[in-house]
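Q: I'm new to this one, so could you walk me through it step by step?

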Amino acid sequence: MAKVIEAAGDKIRLSIEDIDIDTNPVLVKQYQIRSVPTLVIVDVDGRELSRSVGMSSEDAVLRFLAS
């Protein structure tokens, strides 16, 4: 999924964090990550706004981020 995000990088105007689930169990629990890859959009306070689970194409990621 990182390659899809990287390919779409010039079109995305959001801050993106790549979280390693093996070294960040607190975030895994906080956002209830059950499957990888998972994209979670959060607000400035860390509240979840939207979620996408599973592999996606660059176009699908861009549509998800635009919604």
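A: A good place to start is threonine 38, which stands opposite valine 53 in β2. Two strands are said to pair if DSSP finds at least two bridges between them, and the elements themselves are DSSP runs numbered from the N terminus, with helices being H or I over at least four residues and strands being E over at least two.

Q: Before we go on, what kind of model is this?
A: This is a predicted model, in which local features need pLDDT of at least 70 and side-chain atom pairs count only at pLDDT 80 or more, while totals for chains, interfaces and linings use all residues. Residues are numbered from 1 along each chain as its sequence is written, and side-chain values use heavy atoms, with hydrogens and water left out.

Q: Okay, back to the strands: in which sense do β1 and β2 pair, and over how many bridges?
A: Strand β1, residues 38-42, pairs with strand β2, residues 48-53, in the antiparallel sense, and the pairing runs over five bridges. Besides threonine 38 and valine 53, valine 42 stands opposite glutamate 48 in β2.

Q: And what do β1 and β2 form?
A: They form a hairpin with five residues between the two strands, and glycine 46 in the turn has a positive phi of about 85°.

Q: Which residue other than glycine has a positive phi?
A: Glutamine 32 has a phi near 50°, and its place is in the loop between α2 and β1. Leaving aside neighbours within four places in sequence, glutamine 32 is in contact with Leu27 and Arg51, where contact means heavy atoms within 4.5 Å. Glutamine 32 and leucine 49 are 17 residues apart in sequence, and their C-alpha atoms are 14 Å apart in space.

Q: What about proline 37, where does that lie?
A: Proline 37 lies in the loop between α2, which covers 25-30, and β1. A cis peptide bond joins valine 36 to proline 37, with omega at about 5°.

Q: Let me zoom out: how many helices and strands are there in the protein chain?
A: There are three helices and two strands, and from the N terminus on they run α-α-β-β-α. The radius of gyration, taken over C-alpha atoms, is 12 Å, close to the 11 Å that the globule rule gives for 67 residues, so the protein chain is as compact as a globular protein of that length; the rule is 2.2 Å times the number of residues to the power 0.38. Along its principal axes, the C-alpha trace spans about 30 × 25 × 15 Å.

Q: How much of the protein chain is buried?
A: Buried residues make up 22% of the 67 residues, where buried means under 20% relative accessible area, exposed means over 50%, and partly exposed is in between, using a 1.4 Å probe and protein chains only.

Q: Is serine 52 buried or exposed?
A: Serine 52, in strand β2, is buried, with a relative accessible area of 15%. Not counting neighbours within four places in sequence, serine 52 is in contact with Pro37, Thr38, Leu39 and Phe64.

Q: And serine 56, why does that one count as buried?
A: Serine 56 counts as buried because its relative accessibility is 18%. Serine 56 is found in the loop between β2 and α3, the helix covering 58-66, and, leaving aside neighbours within four places in sequence, it is in contact with Met1, Val4 and Val61.

Q: Which residues does leucine 62 touch?
A: Leucine 62, found in helix α3, touches Ala8, Lys11 and Ile12, not counting residues up to four places away in sequence. Between leucine 62 and glutamate 48, which are 14 residues apart in sequence, the C-alpha to C-alpha distance is 18 Å.

Q: One last topic, alanine 7: where is its place?
A: The place of alanine 7 is in helix α1, residues 2-7, and at 43% relative accessibility it counts as partly exposed. Alanine 7 and isoleucine 41 are 34 residues apart along the chain, and their C-alpha atoms are separated by 19 Å.
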